[in-house]
Amino acid sequence: MIQDLITFIGRFHPLWVHLPIGFLIIAVFFKAYEVFGKRPAMQEAVNFSLLLGTISALIAAVLGFMLSQSGGYEDDLLDIHLVAGWTTVIISGIAWWVNKNEPRFSKKLNYIVLGFMILALSVTGHFGGSLTHGEDYLTAFAPFGEKQKETKGRVLAKVEDAEVFTDVIQPVFRSKCQSCHRPGKTKGDLNLVSYETMLKGGENGPVFIAADAEKSELIRRVTLPYDHDDFMPAEGKKPLTEEEIQILIWWIAMGKADPKVSLMAADEEIIAWAKPRLNILGGEKMIAVSIDTVHLKALEKMGFRVRVLSHESGALDVVLPSDAAKNQASELLKALLPIKDQIYWLSLAGTGVQDADLNQVAQFSNLQRLRIENNPISDSGISSLKILSKLESLNLNGTKVSESGLEALSEIHSLKSLYLWNTVIDSKVAKVEKMKAEGVKVVFGN
Ligand code: HEC
């Protein structure tokens, strides 16, 4: 309780510090005006500003001390800031006293004291800024010197070179965690800028355990309810998305927290999500297809669920939920024609689509995954699909497909998986054997 109150009051420190800075600087300007403008009457104003400056600096120092008790600040920087802060208080007090009794001291002494006061003020301010914003806050965007490396992800020659940690997880940490977990600002003693520093863990020890996502503090922190005290990122900062959490879990669990594990080892969906985020050399990014969001919104209104698979290619995953279809699937399908080349995944399961509708679906020339299970579809409809030269996965569970329908499908050379539960086709027939021999995974329910 008392601790909370101290933290509450202490948090006014960053606001309050602007007062002494203002008072002490204006005192110096008044002094300059007094001397160079030959206005001896200004001395009163100099005195008064220095007095206000000293008192407000004292208050700032006390508030700062209270704030430091809440912890989470880089110790070395904090020590310097604290000493410099109290030095500022003392020197400004001396400056006030010397100025007030100027006739007793030499003018020179007065100027020297004021000079030291500004110096102490600058040092305090600089280290204070580093404490709140990180050490490179001032210089990160300076036109001179080396820009901080790695503000952007590294550039890759091809997707296959991508590593889960370096190319996917680190950019996430960079944008969502490193404002508080980096050198100069290691909250919880945790530095998330590299694998090595992450391995060192935080004030409570390791933050991840290879192959055990559940016991990993890192995962616990990001999956807690938002309002939990331990939730990360703290202070209401933008939380990780579902996908970001999934890849973090995948990396620790399946990737065994290996910093070099390839993105290609991850699940298909993770790859699809991560791909457009990579920085691939001169790659497809250049010809990014613009996605007509207005049209997508209209589709969503009609009941479709649309998801962007890749911003590079504009690839879409379109689902027509069976309850949204309301026996009007053929009508609704027409609305997809303007974006037919962008539909890579399509699900029409249980929507009542019929053979004639598949003629339309066959025009979606980039289709890679198609789900038309549990529909009154027969061989004649299925044969129209044979022109889908990129189709990799087809789900025909619960349709009227028969052996002769398989004939047409064997013309789709890209096909990798075929689902045939609840159909009249026997898993032992020659056609199925042949497809299996050609490398197609044919799945029956039993
Ligand atoms: C606004 C600042 C802030 C941001 C942003 C932030 N953290 Fe933290 N983090 C803290 C503070 C403060 C602590 C120490 C207090 C605590 O343990 O809750 C901490 C502690 C932790 C700890 C525990 C370290 C230990 O050993 O006790 C982990 C793990 C952690 N953060 C992970 C993350 C991750 C992952 C992100 C990005 C998704 C993140 N943090 C973003 C402020 C932040």
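How are α3 and α4 oriented to each other? In this predicted model, the axes of α3 and helix α4, which spans residues 42-68, come within 8 Å and cross at roughly 160°. Angles over 145 degrees count as roughly antiparallel, and α3 and α4 are therefore roughly antiparallel to each other, with a crossing that is left-handed. On the side of α3, the contact is made by Leu19, Pro20, Phe23, Leu24, Ile26, Ala27, Phe30, Lys31, Tyr33 and Glu34, while α4 contributes Met42, Gln43, Ala45, Val46, Ser49, Leu50, Leu52, Gly53, Ser56, Ala57 and Ala60. Sorted by class, the residues in the contact of α3 with α4 comprise 15 nonpolar, four polar and two charged.

Helix α3, formed by residues 18-36, also meets helix α6, formed by residues 107-133, and the axes of this pair come within 11 Å and cross at roughly 150°. Helices α3 and α6 are therefore roughly antiparallel to each other, and α3 passes α6 in a left-handed crossing. Here Ile21, Leu24, Val28 and Lys31 of α3 meet Leu114, Met117, Ile118, Leu121 and Gly125 of α6, a set that divides by class into seven nonpolar residues, one polar residue and one charged residue. Leu24 and Lys31 of α3 thus appear in the contact with α6 as well as in the contact with α4.

A further helix pair is formed by α7 (residues 164-176) and α10 (residues 242-253), whose axes come within 11 Å and cross at roughly 140°. Since this angle is not over 145 degrees, the limit for a roughly antiparallel arrangement, α7 and α10 are oblique to each other. The crossing of α7 and α10 is left-handed. Val164, Phe165, Val168, Ile169 and Val172 make the contact from α7, and Glu244, Ile247, Leu248 and Trp251 make it from α10. Eight of the residues in the contact of α7 with α10 are nonpolar and one is charged, with no polar residue present.

Strands β3 to β9 make up an open sheet of seven strands, in the order β3-β4-β5-β6-β7-β8-β9 and with mixed pairing. The edges are occupied by β3 (305-310) and β9 (441-443), each of which has a single partner strand, so one side of each is left without a neighbour in the sheet. From one strand to the next, the twist averages 10°. Strands of a sheet pair through backbone hydrogen bonds, in either a parallel or an antiparallel sense. At the β3 edge, β3 and strand β4 (residues 315-319) pair in the antiparallel sense over five bridges, and serine 310 stands opposite alanine 315 in β4. Strand β4 is in turn joined by four bridges to strand β5 (residues 343-347), and β4 and β5 run parallel; in this pairing, valine 319 stands opposite serine 347 in β5.

The ligand is surrounded by 25 residues, of which the closest are Cys177, Cys180, Gly188, Gly202 and Pro233. Among the elements of the structure, helix α9, covering residues 217-223, gives the most to the shell around the ligand, with four residues. By class, the residues of this shell divide into 10 nonpolar, seven polar and eight charged.

Two features of the backbone may be added to this description. Most residues other than glycine have a negative phi, and most peptide bonds are trans. A cis peptide bond, with omega of about -5°, joins methionine 232 and proline 233. Proline 233, one of the closest residues to the ligand, is found in the loop between α9 and α10. Alanine 257, although not a glycine, has a positive phi of about 55°, and alanine 257 is found in the loop between α10 and α11 (268-274).

Key
Residues are numbered from 1 along each chain as its sequence is written. This is a predicted model: local features need pLDDT of at least 70, side-chain atom pairs count only at pLDDT 80 or more; totals for chains, interfaces and linings use all residues. A residue is near a molecule or strand if its C-beta atom, placed from the backbone, lies within 6 Å of it. Helices (H or I, at least four residues) and strands (E, at least two) are DSSP runs, numbered from the N terminus. Ala, Val, Leu, Ile, Met, Phe, Trp, Tyr, Cys and Pro count as nonpolar, Asp, Glu, Lys and Arg as charged, and the others, Gly among them, as polar. Axes are lines fitted to C-alpha atoms, for helices over the stretch in contact, and angles run from 0 to 180 degrees between N-to-C directions. Angles under 35 degrees count as roughly parallel, over 145 as roughly antiparallel, 65 to 115 as roughly perpendicular and the rest as oblique. A crossing is left-handed if the near helix is turned anticlockwise from the far one by less than a right angle, and right-handed if clockwise. Two residues are in contact if their C-beta atoms, placed from the backbone, lie within 7 Å. Two strands pair if DSSP finds at least two bridges between them.
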